[in-house]
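The following report describes a single protein chain, going from one of its residues to the fold and its pockets. The sequence and the structure are shown first.

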Amino acid sequence: MTTASPSVFLLMVNGQVESAQFPEYDDLYCKYCFVYGQDWAPTAGLEEGISQITSKSQDVRQALVWNFPIDVTFKSTNPYGWPQIVLSVYGPDVFGNDVVRGYGAVHVPFSPGRHKRTIPMFVPESTSKLQKFTSWFMGRRPEYTDPKVVAQGEGREDQPGFVSAPTQPG
């Protein structure tokens, strides 16, 4: 008597983080990571990465162009917990410290083919004037210790001291 092993399917993600628009900032870099369910496992490629620092283009768009490649393969036995890509964008503040300029997340497309996604970005913001002053004075803006929280619904709405403030879509 043989036991049937569960059937497995593969999800191949191949693409790039092309560019962003943060009109008020320059010299930014991007990090990515994936968030996925318990039944998912990476089988090839990199689950996370960091880009080069880029400057704004000189044209009217003032785009920050990374052309940052992504190539990873996942396997799973069911679609629950479909992978999401989480992007974090960082750059220097007036003191030269690297601070977060935006977080965003989007599900990997469900259908095969070429896809283009625009990901709205946001930054955590202090809720009290004292916290805002302290973070400005110390040169440390609020940021998540683990950017993967951006893709998870639980725990974000009751973060003590932080609210999500929309920034320019990137």
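In this predicted model, Met12 touches Val72 and Thr73 when residues up to four places away in sequence are not counted. Met12 has its place in strand S1, and with a relative accessibility of 64% this residue counts as exposed, because the cut-off for that class is over 50% relative accessible area. Computed along the chain in residues, Met12 and Thr43 are 31 apart, while their C-alpha atoms are 9.6 Å apart in space.

**Overall architecture**

The protein chain contains one helix and nine strands, and these elements follow one another along the sequence in the pattern β-β-β-β-β-β-β-β-α-β. Of the 170 residues in the chain, 35% are buried. Among the contacts between residues at least 6 apart in sequence, 69% join residues that are at least 24 apart. The accessible surface of the chain comes to about 10,700 Å², and carbon and sulfur atoms account for 55% of that area.

**The two pockets**

The largest pocket has a volume of about 1,200 Å³. Its lining is made up of 38 residues, of which Gln16, Val17, His115, Lys116 and Arg117 are the closest to its centre. Five strands each supply at least two residues of this lining, namely S1 (9–20), S2 (29–35), S5 (64–76), S6 (84–92) and S7 (98–107), and the largest share, 10 residues, comes from S1. By class, the lining of the largest pocket divides into 22 nonpolar, 11 polar and five charged residues.

The second largest pocket holds about 220 Å³ of space. Of the 12 residues that line this second pocket, those closest to its centre are Lys132, Ser135, Trp136, Arg141 and Pro142. The elements that give two or more residues to its lining are strand S8 (122–126) and helix H1 (129–138), and the lining of the second largest pocket comprises five nonpolar, three polar and four charged residues.

**Residues at selected positions**

Arg117, which is among the residues closest to the centre of the largest pocket, is placed in the loop between S7 and S8. Which residues does Arg117 touch, not counting those up to four places away in sequence? They are Val106 and Pro109. Arg117 is 10 residues from His107 in sequence, and the C-alpha atoms of the two residues are 9.6 Å apart in space. With a relative accessible area of 45%, Arg117 is partly exposed, because this value lies between the limits of 20% and 50% that bound that class.

Gln84 has its place in strand S6, one of the strands that supply at least two residues to the lining of the largest pocket. Is Gln84 buried or exposed? Its relative accessible area is 14%, and Gln84 is therefore buried, since the cut-off for burial is under 20%. Leaving aside its neighbours within four places in sequence, Gln84 is in contact with Cys33, Phe34 and Val35, with Ala105, Val106, His107 and Val108, and with Ala151. In the case of Ala151, the backbone oxygen lies 3.1 Å from a polar atom of the Gln84 side chain. Val106 thus appears among the contacts of Gln84 and is also touched by Arg117.

**Two loop residues with positive phi**

Most residues other than glycine have a negative phi. Against that background, Asp27 has a positive phi of about 55° although it is not a glycine, and Gln62, which is not a glycine either, has a positive phi of about 50°. Asp27 is placed in the loop between S1 and S2, whereas Gln62 lies in the loop between strand S4 (48–50) and S5. The table sets out the phi and the relative accessibility of these two residues.

| Residue | Phi | Relative accessibility |
|---|---|---|
| Asp27 | about 55° | 34%, partly exposed |
| Gln62 | about 50° | 34%, partly exposed |

Asp27 counts as partly exposed at 34% relative accessibility, and Gln62 likewise counts as partly exposed at 34%, because the class covers values that are neither under 20% nor over 50%.

Methods:
Residues are numbered from 1 along each chain as its sequence is written. This is a predicted model: local features need pLDDT of at least 70, side-chain atom pairs count only at pLDDT 80 or more; totals for chains, interfaces and linings use all residues. Side-chain values use heavy atoms; hydrogens and water are left out. Helices (H or I, at least four residues) and strands (E, at least two) are DSSP runs, numbered from the N terminus. Buried means under 20% relative accessible area, exposed over 50%, partly exposed in between (1.4 Å probe, protein chains only). Contact means heavy atoms within 4.5 Å. Accessible areas come from the Shrake-Rupley method with a 1.4 Å probe; for residues, only the protein chains shown count as cover. On a 1 Å grid over the protein atoms alone, a cavity is a set of points where a 1.4 Å probe fits but cannot get out, and a pocket is an open set with protein on both sides within 12 Å along at least five of seven lines; lining residues have an atom within 4 Å of a point. Grid points are joined across faces, edges and corners, and a volume is the space filled by probe spheres set on the points. Ala, Val, Leu, Ile, Met, Phe, Trp, Tyr, Cys and Pro count as nonpolar, Asp, Glu, Lys and Arg as charged, and the others, Gly among them, as polar. A polar contact is a pair of N or O atoms within 3.5 Å; within protein, one must be able to donate a hydrogen and the other to accept it, and residues adjacent in sequence count only if both atoms are side-chain atoms.
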